[in-house]
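Thanks for making time this morning. I would like to take you through one structure, going from the whole chain to a few individual residues, and I will keep to what can be computed from the coordinates.

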Amino acid sequence: MTAPVLDVDALLDDRDVRILVCCGSGGVGKTTTAAALAVRAAERGRDVVVLTIDPARRLAQSMGLSELDNTPRVVDDVDTRAGGSLEAMMLDMKRTFDEIVLDHAEPGRAQQILANPFYQSLSSSMAGTQEYMAMEKLGQLRRNEAWDLIIVDTPPSRSALDFLDAPKRLGSFLDGRVIKILAAPAKAGSRGMFKVVSAGFNIVTSVVTKVLGAQLLKDVQAFIAALDTMFGGFRERADATYRLLKNPETRFLVVAAPEPDALREASYFVERLSEERMPLAGLVLNRVHRSAAGALTASRSAAAAEDLDADADQDPARQVAAGLLRLHADRMNLIAREQRLAGRFSGAHPGVAVGEVRALPGDVHDLAALRAIGADLAFTS
Ligand SMILES: Nc1ncnc2c1ncn2[C@@H]1O[C@H](COP(=O)(O)OP(=O)(O)OP(=O)(O)O)[C@@H](O)[C@H]1O
Ligand SMILES: [Mg+2]
């Protein structure tokens with residue numbers, strides 16, 4: 001089954017596309033793809049900002065990001081002759097959370113909240129916080145209007161769906177009803193309250209409850225009282241950003257490695273996007289293998305290696321040749337397996353455009369390698 005080809009340059013040149021979100025399961029190349037697309041789009045003339053999450057240190061350095069400061073920085077060394085530009089930033093989850101508090105609470109209260117130990121634990125440990133904060137930051141960047149294309153990386157999670165589920169999960173926790181129960185322990189009873197707290201934050205073990213119970217209870221109440229006025233805003237923002245993801249100016253790219261688990265996750269994600277009517281640009285199949293000697297099949301190569309071995313006269317040149325033929329056979333088998341897996345994905349999702357990126361020999365941590373990835377992806381079209 002041949003899939004439609006992902007036309008990356010047409011996507012990057014489309015001025016109606018303002019947001020590109022790179023999703024996928026853990027370790028498949030989301031951050032790398034986001035950075036590579038950002039460099040390519042900027043060098044094709046767009047004013048781009050890329051929001052990366054937890055980039056490898058060397059990749060961050062190559063984009064001029066040495067510290068987590070939560071603000072976009074201009075990436076030098078990008079070719080601006082086409083009139084574009086590139087800024088990059090790393091998401092600082094804690095600081096993004098702090099900024100929301102500062103924006104929404106009255107000054108005296110904001111400091112109270114930021115200093116509250118319960119807040120400090122919540123802002124870094126709650127499941128889904130990173131996903132939510134990535135969306136929050138995306139909303140902020142979009143409102144800023146300083147860039148005509150925002151490329152978003154998504155947090156490392158096992159499932160690509162976590163990114164889409166986070167606002168709902170966090171939103172329902174922050175929902176008024178739960179807050180009311182928390183804020184009114186006298187009515188709900190303190191045991192009920194701890195049940196809700198531990199379900200949400202998973203930090204209240206029974207030992208901690210015994211030892212620190214009273215203090216924690218006080219902190220939670222203080223926290224809730226201080227935040228009370230803020231929650232409506234929180235929820236509204238989550239909803240607004242979620243709507244942004246459904247907007248026709250947004251496109252999703254699902255990144256996957258040519259492996260069964262990653263492609264299964266990509267399948268779930270594609271189905272979910274279609275249920276939610278969120279616009280999918282296509283699948284990026286990252287780290288695929290190719291061979292310049294594709295005309296020599298695995299079986300012929302393996303057979304030739306066997307012939308050479310059968311003639312074994314201890315001739316080192318023959319031994320080397322047999323070894324190389326065997327390596328080639330392995331490589332051809334791997335390529336065939338990857339193509340089978342990709343074919344299965346496309347069979348299940350015939351309308352989804354696919355672009356491929358070669359597995360480079362080393363890690364990707366400089367602009368030259370990012371350019372090579374962008375070119376590779378565009379070259380498939
Ligand atoms: N096409 C490629 N060729 C060679 N190495 C690659 C390629 N794509 C990504 N890598 C390397 O694979 C590693 C994982 O890539 P990356 O960090 O982009 O994945 P990720 O999906 O963002 O991971 P996480 O889920 O942890 O955020 C990095 O070391 C990166 O340099
Ligand atoms: Mg990443």
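I will begin with the chain as a whole and then turn to its core, two of its helices and a patch on its surface.

Please keep in mind throughout that this is a predicted model. The chain has 381 residues, of which 50% count as buried, and its secondary structure comes to 17 helices and eight strands. If we take the contacts between residues at least 6 apart in sequence, 79% of them join residues that are at least 24 apart. As for the outside, the chain exposes about 18,100 Å², and carbon and sulfur atoms supply 51% of that area.

Let me move to the interior. The largest nonpolar core has 93 residues, and the members that touch the most others are I151, L245 and L283. Helix α2, residues 30-43, gives this core its largest share, namely eight residues. To see what one of those well-connected members looks like, take L283: once residues up to four places away in sequence are set aside, L283 touches L6, V254, A256, L263, A266, F345, V352, A353, V354 and G355.

Now to the helices, starting with α5, which spans residues 107-115 and in which A110, I113 and L114 are buried. Why do these three count as lying on the same side of α5? The reason is that they cover an arc of only 95° around the axis. As general background, an α-helix has 3.6 residues a turn, so residues three or four places apart point the same way. On the other side of α5 we find G108 and A115, which are exposed.

A charged residue deserves a look as well, and here I would pick E131, which sits in helix α7, residues 129-144. Is E131 buried or exposed? Its relative accessible area is 8%, and because the cut-off for buried is under 20%, E131 counts as buried. Apart from neighbours within four places in sequence, E131 is in contact with P155, S157, D162, F163 and A166.

Finally, the surface, where V320, L324 and L327 make a nonpolar patch of about 310 Å². V320 is found in helix α16, residues 316-348, and V320 counts as exposed because its relative accessibility is 52%, the threshold for exposed being over 50%.

That is the end of my tour, and I am happy to go back to any part of it.

Terms used: Residues are numbered from 1 along each chain as its sequence is written. Chains are lettered from A and ligands numbered from 1 in the order in which they are written. This is a predicted model: local features need pLDDT of at least 70, side-chain atom pairs count only at pLDDT 80 or more; totals for chains, interfaces and linings use all residues. Side-chain values use heavy atoms; hydrogens and water are left out. A nonpolar core is a set of buried Ala, Val, Leu, Ile, Met, Phe, Trp, Tyr and Cys residues joined through side-chain atoms within 4.5 Å. Buried means under 20% relative accessible area, exposed over 50%, partly exposed in between (1.4 Å probe, protein chains only). Helices (H or I, at least four residues) and strands (E, at least two) are DSSP runs, numbered from the N terminus. Contact means heavy atoms within 4.5 Å. Patches are made of residues with over 30% relative accessible area and no salt bridge: like charges are joined within 9 Å, nonpolar side chains (Val, Leu, Ile, Met, Phe, Trp, Tyr) within 5 Å. Accessible areas come from the Shrake-Rupley method with a 1.4 Å probe; for residues, only the protein chains shown count as cover. A salt bridge is a side-chain nitrogen of Lys or Arg within 4 Å of a carboxyl oxygen of Asp or Glu. The arc is that of the directions from the helix axis to the C-beta atoms.
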